[in-house]
Amino acid sequence: MAQRPTPDPSPDEPAPDWRALLAALPDGDDVPPPGTSRRRWRRTRRRDARRDRADAVAAVRHRPMHPAAVLLVLVLVLVLGAVARCGGRSTGGDDRPPAAAPSSPAAAPAPPAPLPSVAPDTGPDNVAEAWVRAYLSRDPLADGTHRASVRRAAPWATDDLTRNLTDQQPPGWGRQVSRGEATKAGAVTARPAGPDLPPDNEAQVWRTVAATLTITGYETTQRTDTLKVEITRTTAGWRVSRVLGV
């Protein structure tokens, strides 16, 4: 089947649309030549048509691009590059990120309250009661650690006892933290220790101290804790030097 020749445009003319070229290809005759079956004729015609279309598309693809099309592609590349460098901004300005809005400074934690001073002539019973009241009053939410109550009780204790209790977590502290319970000592009473402890002397005395604690958390309750403490006379006065029951 003869193929209609397609003129080759010059570089100055726009390349023809390949779809138009395909549409312009002849469809051929629907009547087969004499002596040829219609089915074989149609199969041969379809094969020749596919070959003709492939040749036409290849011819269009291999023709040189028009200069105007090349210029248009270059302009698009330059515009897209400029947009990418500017981050898609439509207005001018430098590339520095906007300054963050000044935020208010975080509130500094409140300094701990100053510790009270203990008069040198304070008696051993009063020292024992004051120490137990400060030591057993704890609030995990406000204190954050058991060391806070040790620090509050430090004015009535020796340095050695304060250091030991700082490094030792008291019984029940973990339960207080998990339940969010705060304890506050109310009535505190010191009385002489029983016969199982050494008797009083001029340098050391033992006292049994009972403290009524108010516990606030899921519910408000009360209980009484009892500690046995040793009070020792130091150069600064009587101080709690040892504790039994913690």
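How many helices and strands are there in the protein? In this predicted model, the protein holds 8 helices and 4 strands. Along the sequence these elements follow the pattern α-α-α-α-α-α-α-α-β-β-β-β. Of the 246 residues, 28% count as buried. The accessible surface amounts to about 17100 Å², and carbon and sulfur atoms account for 57% of that area. Where contacts link residues at least 6 apart in sequence, 58% of them join residues at least 24 apart.

The strands are described here in sequence order. Strand 1, formed by residues 182-192, pairs with strand 2, formed by residues 204-216, in the antiparallel sense over 9 bridges. Within this pairing, Ala185 has Leu213 of strand 2 as its bridge partner. Strand 2 also runs antiparallel to strand 3, to which it is joined by 12 bridges. In this second pairing, Arg207 stands opposite Val229 of strand 3, and the two strands form a hairpin with 4 residues between them. Strand 3 (residues 221-234) in turn pairs with strand 4 (residues 237-244), again in the antiparallel sense, over 7 bridges. Here the bridge partner of Lys228 is Leu244 in strand 4. A hairpin of 2 intervening residues connects strand 3 to strand 4.

Helix 7 relates the helical part of the model to strand 4, since its buried residues pack against helix 4, helix 6 and strand 4. Leu161, Thr162 and Leu165 are the buried residues concerned in helix 7. These three cover an arc of only 100 degrees around the axis and therefore lie on the same side of helix 7. Asp159 and Asp167, by contrast, are exposed on the other side of this helix.

The loop between helix 6 (147-153) and helix 7 (159-167) contains Thr158. With a relative accessible area of 16%, Thr158 falls under the 20% limit and is therefore classed as buried. Beyond its neighbours within four places in sequence, Thr158 is in contact with Thr234, Arg239, Val240 and Ser241. Of these partners, Thr234 belongs to the residue range of strand 3, whereas Arg239, Val240 and Ser241 belong to that of strand 4.

Aromatic packing was examined next. The count comes to 1 aromatic pair. In this pair, the ring centres of Trp131 and Tyr135 are 4.7 Å apart and the ring planes lie at 15 degrees, so the arrangement is stacked. Trp131 and Tyr135 both belong to helix 4 (residues 124-136), where they are 4 residues apart, about one turn of the helix. An α-helix has 3.6 residues a turn, so residues three or four places apart point the same way. Both members of the pair are buried: Trp131 has a relative accessibility of 1%, and Tyr135 has a relative accessible area of 2%. The ring of Tyr135 has a further partner in Arg138, whose charged end sits over that ring at 4.6 Å from its centre. Tyr135 thus takes part in the stacked pair with Trp131 and also lies beneath the charged end of Arg138.

Terms used. Residues numbered from 1 in each chain as written. Predicted model: local features only at pLDDT ≥ 70, side-chain atom pairs only at ≥ 80, totals over all residues. Heavy atoms only, no water. Pairing = 2+ DSSP bridges. Buried < 20%, exposed > 50% of the residue type's maximum accessible area, 1.4 Å probe, protein only. Contact = heavy atoms within 4.5 Å. Areas by Shrake-Rupley, 256 points an atom, 1.4 Å probe, with all protein chains shown as cover. Phe/Tyr/Trp six-rings, centres within 6.5 Å; stacked < 30°, edge-to-face > 60°. Lys NZ or Arg CZ within 6 Å of the ring centre and 35° of its normal. Arc of directions from axis to C-beta.
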